[in-house]
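Student: I would like a close look at one part of this protein. Please pick a helix, go through it slowly, and then show me how other spots compare in their backbone and surroundings.

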Amino acid sequence: MNITEKILSKHLKREVTPGEIIETEVDLAMSHDGTSPPAIKTFEKIAEDVWNSDKIAIVFDHNIPANTIGSAEFQKVARDFGKKQKIKKLFTHGEGICHQVLPEKGLVEPGMIIVGADSHTCTYGAFGAFSTGMGSTDVAMIYATGKTWFMVPESFKIEVNGQLGDNTSSKDIILKIIGSIGADGATYKSCEFTGPTIDNLDVSSRMTICNMAIEMGAKNGIMDPNKVTLEYLSSRTGKKISEFNIFKPDEDSVYEKEFSFDITDMEPQIACPNDVDNVKDISKVEGTHIDQGFIGSCTNGRLEDLEQAAKVLKNQKVHEDVRLIVSPASSEIYKKAIENGIIEIFIESGAIVCNPGCGPCLGGHMGVLSSGEVSISTTNRNFKGRMGDPDSEVYLANAGVVASSVIKGFIENPENI
């Protein structure tokens, strides 16, 4: 069996098979300020008390601080619910984006089943967990019962070989994969990422890849956690590595399809409007005008991303006709970026540095695009109207490319700065 099948089998205490409908207990359930109120509304129709207040996390990140009366009311509903239900994992003070905060707080471990009312919950697959997003109604049922159902997914094995170049990152790897497999090419599949390149990636890079598994339709993305990942988890949870439930794929694991990618000499990859799988080498789109750059999100707002951008922006200025918005993925990352002098570099370059949150990514807060404007962003989606007006456009890239582009005022390869 592969990793996903082993995790589901462990929870059911029997072997599962792809295509089978199963009901299973959940180890952790999560919702944020945008999805908690609908979940709460449904929950209150079916139950009075949550099944386990220690296994629920609520994170305010989509519109924090509240930017409208509506978002303020949403947050009040979630805050009151958390207090009433004695939910201790209630992160309402700008701690950061849910998918960054949960691992930082030691809530994620290998072998867990994690469900969140947010599509990018698949991020936690980077730690060897089966994690997936669901709608608020489904999460309400989990809040009430601690259980949910799945169809056991067929699995794709995605092997990556080669070494990243100076101006490429794991963002380029996953964009290259999505561009090949397609935005719906892995619908309801478990994407297991493997190979020498994956084995050697740091925690941040592995999170980026699993985060975007949903962008090709996958039910979940997952990896066998490497040494550096296990050491990170140990430092966050206070557990010894030997205490984790680590599942590795069998040598004779069965996959529906197997893919192999060689990233040797890969150029930075750009997802062009208006589809994440509309991926091109940067050389094909260099010179494209931009109005805004954004560095942040649950995909690429980590310290390594900020460092990559700061390296390009040091002693440079953001183009006078361009805005650069930076939002670290968590307050912990923000603090480290201040200590390392990274935030100072951004401010001196002319960037607008915001508090941790999702805002610009979904076109909801701090950086909405107007009609005809073009943004280059480290986020995960570039659908029509994703970051603002339906007549705006979004290009997706790594943090270094965003930095070099805002200096020039058009899409530019960092090697030219």
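Tutor: Let us start at the end of a helix. Helix H11 is followed by Asn315, and the phi of Asn315 is positive, near 65°. Keep in mind that this is a predicted model. Most residues other than glycine have a negative phi, and most peptide bonds are trans. That is the background for several stops below.

Now step back into the helix. H11 covers residues 303-313, and 8 of its 11 residues are buried, so the rest of the structure largely encloses it. Which residues of H11 are buried? They are Leu303, Asp305, Leu306, Gln308, Ala309, Ala310, Val312 and Leu313. Find them on the helix one by one. An α-helix has 3.6 residues a turn, so residues three or four places apart point the same way.

Next, take another positive phi. Ser297 is not a glycine, yet its phi is about 90°. Ser297 belongs to helix H10, residues 297-300. Is Ser297 buried or exposed? Ser297 is buried, because its relative accessible area is 2% and the cut-off for buried is under 20%.

Lys86 also has a positive phi, about 60°, and is not a glycine. Lys86 sits in the loop between H3 and strand S4 (89-91). Here the relative accessible area is 61%, so Lys86 is exposed; exposed means over 50%.

Now look at peptide bonds. Ile64 and Pro65 are joined by a cis peptide bond, with omega about -5°. Pro65 is in the loop between strand S3 (56-59) and helix H3 (69-84). A second cis bond links Pro273 to Asn274, and omega there is about -5°. Asn274 lies in the loop from strand S12 (269-271) to strand S13 (279-281).

Turn to the cysteines. A disulfide is a covalent bond between the sulfur atoms of two cysteines. How many disulfides does the model have? The count is 0. Why is Cys98 not bonded to Cys358? The sulfur of Cys358 is the closest cysteine sulfur to that of Cys98, but the distance is 5.9 Å, too far for a bond. The limit for a disulfide is 2.5 Å. Cys210 is in no disulfide either, with its nearest cysteine sulfur, that of Cys122, 7.4 Å away. Cys98 is buried, with a relative accessible area of 0%. Cys210 is also buried, at 0% relative accessibility.

Loops can hold buried residues too. Phe244 is in the loop between helix H9 (227-237) and strand S11 (257-262). Phe244 counts as buried, because its relative accessibility is 6%. What does Phe244 touch, leaving out residues up to four places away in sequence? Its contacts are Glu109, Pro110, Leu230, Leu233, Ser234, Thr237 and Lys239. Compare Lys219 with Phe244: the two are 25 residues apart in sequence, and their C-alpha atoms are 23 Å apart in space.

Last, go to the surface. Ile21, Trp149 and Met151 form a nonpolar patch there, and together they have about 320 Å² of accessible area. Ile21 is part of strand S1, residues 21-25. At 52% relative accessibility, Ile21 counts as exposed.

Go back to H11 to finish. Trace the helix, with 8 of its 11 residues buried, and then stop at Asn315, where phi is positive.

Conventions: Residues numbered from 1 in each chain as written. Predicted model: local features only at pLDDT ≥ 70, side-chain atom pairs only at ≥ 80, totals over all residues. Heavy atoms only, no water. Helix = DSSP H or I, 4+ residues; strand = E, 2+ residues; numbered from the N terminus. Buried < 20%, exposed > 50% of the residue type's maximum accessible area, 1.4 Å probe, protein only. Contact = heavy atoms within 4.5 Å. Patch = residues over 30% accessible without salt bridge, like charges linked within 9 Å, V, L, I, M, F, W, Y side chains within 5 Å. Areas by Shrake-Rupley, 256 points an atom, 1.4 Å probe, with all protein chains shown as cover. Salt bridge = Lys/Arg side-chain N within 4 Å of Asp/Glu carboxyl O.
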